[in-house]
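This report walks through one protein model and its ligand. Please keep the sequence and the 3D view open while reading.

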Amino acid sequence: MTILVTGGAGYIGSHMVLNLLDAGETVIVIDDLSTGVAWSVPDGVPLMTGDVGDQPFVEKVMRDEGISAVIHFAGSIVVPDSVADPLGYYLNNTVKSRALIESAVRTGVSHFIFSSTAAVYGIPKENPVSENTQLQPISPYGASKMMTETMLDDVARAHDLTFAALRYFNVAGADPEGRSGQSTPRATHLIKVACQAALGQRSHMAIFGTDYPTPDGTGVRDYIHVSDLAAAHAAALRHLRGGGESVILNCGYGSGFSVREVIDVVKAVSGVEFDVRVSERRTGDPAALVADVRAIHEEFDWTPRLNDLRTIVTHALRWEEVLAKRSNAA
Ligand code: UD1
């Protein structure tokens with residue numbers, strides 16, 4: 001009953017590994033360490049460094065370890081990068097996912113949980129966005145994830161495998177016990193950037209656009225704590241193991257905060273009045289993106305425990321302090 005977590009050395013994957021370990025599961029990680037960091041994989045969890053698209057390697061791991069479920073996080077996530085390098089994104093997120101899914105089918109894996117994204121919706125006409133909204137990704141990133149959802153849907157009809165594709169909204173925060181967090185050095189996420197500004201690691205930060213049709217003119221997003229997101233995957237695993245049907249579900253809290261509201265919370269929690277400048281809109285940013293979460297609550301036994309922006313920011317800030325100490329010590 002060993003679970004394979006791909007991308008387990010990355011931000012969300014490392015929180016998934018902690019969740020599974022806390023639940024007493026046996027876990028192994030495959031990660032190519034392109035953005036993940038080996039030290040974020042807890043002691044005692046085997047880290048196989050390699051590529052999820054390398055079928056001989058992956059199938060050997062699956063057979064040797066008796067993998068029954070795959071939770072697939074490995075992939076590329078930066079929307080503007082996907083516009084500059086579409087082929088790289090289709091390779092990492094679509095072509096390699098196809099190879100991994102084929103390896104899973106060939107070795108008799110029963111369940112597959114896939115990291116999808118709200119980017120499959122593009123610029124939604126209405127919020128909150130339900131799973132039935134027409135998919136119209138506006139970036140290669142969103143399209144690359146949508147294609148993998150389609151593959152899984154077709155594969156689950158043809159083979160003995162069930163899947164859950166979870167469409168994440170904005171993932172933020174860090175492990176409440178301080179064991180992991182967002183460690184990618186080049187991360188562009190709003191809450192991470194604001195925490196870095198609060199800690200003086202950046203001289204200032206920018207708000208990308210103040211003329212959106214939102215209450216204060218700045219972009220609105222649905223921020224979900226990374227540990228609640230990992231718990232949603234655990235609920236997906238219980239659902240599939242219990243014989244539940246394949247599902248595609250939004251993963252968020254169903255409430256939105258503007259960029260200004262997020263910055264105000266970071267300033268309040270940190271007690272630092274850092275420099276915030278207004279800048280142009282970032283290409284491809286929707287005004288608002290908030291999840292309709294009725295379906296996930298109907299399908300899964302999942303209760304968010306950290307649904308509070310101050311809590312998310314407190315944990316994110318604490319993790320930036322841990323990272324700063326690590327790099328000072330290095
Ligand atoms: C994030 C994810 C994306 C996912 C999407 C789903 C990453 C890198 N991006 O994108 O994969 O598909 O959620 O909802 O994980 N902002 C600023 N200043 C900054 C940074 C951001 O004003 O320095 C604003 C943005 O314009 C946006 C909001 O903050 O309105 C959130 O931005 P960001 O954290 O980059 O996430 P998304 O672009 O929403």
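In this predicted model, residue L33 sits in the loop that runs between β2 (27-31) and β3 (47-49). Its phi angle is near 60 degrees, which is a positive value in a residue other than glycine. Is L33 buried, partly exposed or exposed? L33 has a relative accessible area of 29%, and a residue counts as buried under 20% and as exposed over 50%. L33 is therefore partly exposed.

Another backbone feature is found in the loop between β5 (111-117) and α5 (140-158), where P128 lies. The peptide bond that leads from N127 to P128 is cis, and its omega is near -5 degrees.

**A serine in a helix**

Helix α4 (residues 86-106) contains S97. With a relative accessible area of 1%, S97 is buried, because buried means under 20%. What does the side chain of S97 contact? The side chains of S97 and H72 are joined by a polar contact of 2.9 Å. In addition, a polar atom of the S97 side chain lies 2.8 Å from the backbone oxygen of N93.

**Strands**

Strands of a sheet pair through backbone hydrogen bonds, and the pairing is either parallel or antiparallel. Strand β6 (residues 162-168) pairs with β11 in the parallel sense, over five bridges. One residue of that pairing is Y168, whose bridge partner in β11 is C251. Why is strand β11 (residues 247-251) described as largely enclosed by the rest of the structure? Four of its five residues are buried, so the rest of the structure largely encloses β11.

There is also an open sheet of three strands, in the order β12-β9-β14, and its pairing is mixed. Its edge strands are β12 (257-258) and β14 (288-289), each of which pairs on one side only. Strand β9 (residues 220-221) and β14 are parallel to each other and share two bridges. Within β14, L289 is the residue that stands opposite R221.

**The ligand**

R221 also appears at the ligand, as the table shows. Each row gives the distance from an oxygen atom of the ligand to an N or O atom in the side chain of the named residue.

| Residue | Distance to a ligand oxygen atom |
|---|---|
| T117 | 2.5 Å |
| D285 | 2.6 Å |
| R221 | 2.8 Å |

How much of the ligand does the protein bury? Taken alone, the ligand exposes 740 Å², and the protein buries 92% of that. Two elements, α6 (190-198) and β8 (205-208), give two or more residues to the shell around the ligand. The largest share, three residues, comes from β8.

There are 22 residues around the ligand, and those that come nearest are T117, N170, A206, R282 and D285. By type, the shell divides into 14 nonpolar residues, five polar residues and three charged residues.

Which domains supply the shell? At least three residues are drawn from domain 1 (2-171 + 224-251), and at least three from domain 2 (190-221 + 254-329).

**Summary**

The ligand has 92% of its area buried by the protein, and its shell takes residues from both domain 1 and domain 2. Elsewhere, S97 is buried, L33 is partly exposed, and the bond from N127 to P128 is cis.

Methods
Residues numbered from 1 in each chain as written. Predicted model: local features only at pLDDT ≥ 70, side-chain atom pairs only at ≥ 80, totals over all residues. Heavy atoms only, no water. Buried < 20%, exposed > 50% of the residue type's maximum accessible area, 1.4 Å probe, protein only. Pairing = 2+ DSSP bridges. Near = heavy atom within 4 Å. Polar contact = N/O pair within 3.5 Å; in protein donor to acceptor, adjacent residues only side chain to side chain. Areas by Shrake-Rupley, 256 points an atom, 1.4 Å probe, with all protein chains shown as cover. Nonpolar A, V, L, I, M, F, W, Y, C, P; charged D, E, K, R; others polar. Domains from an automatic or database assignment.
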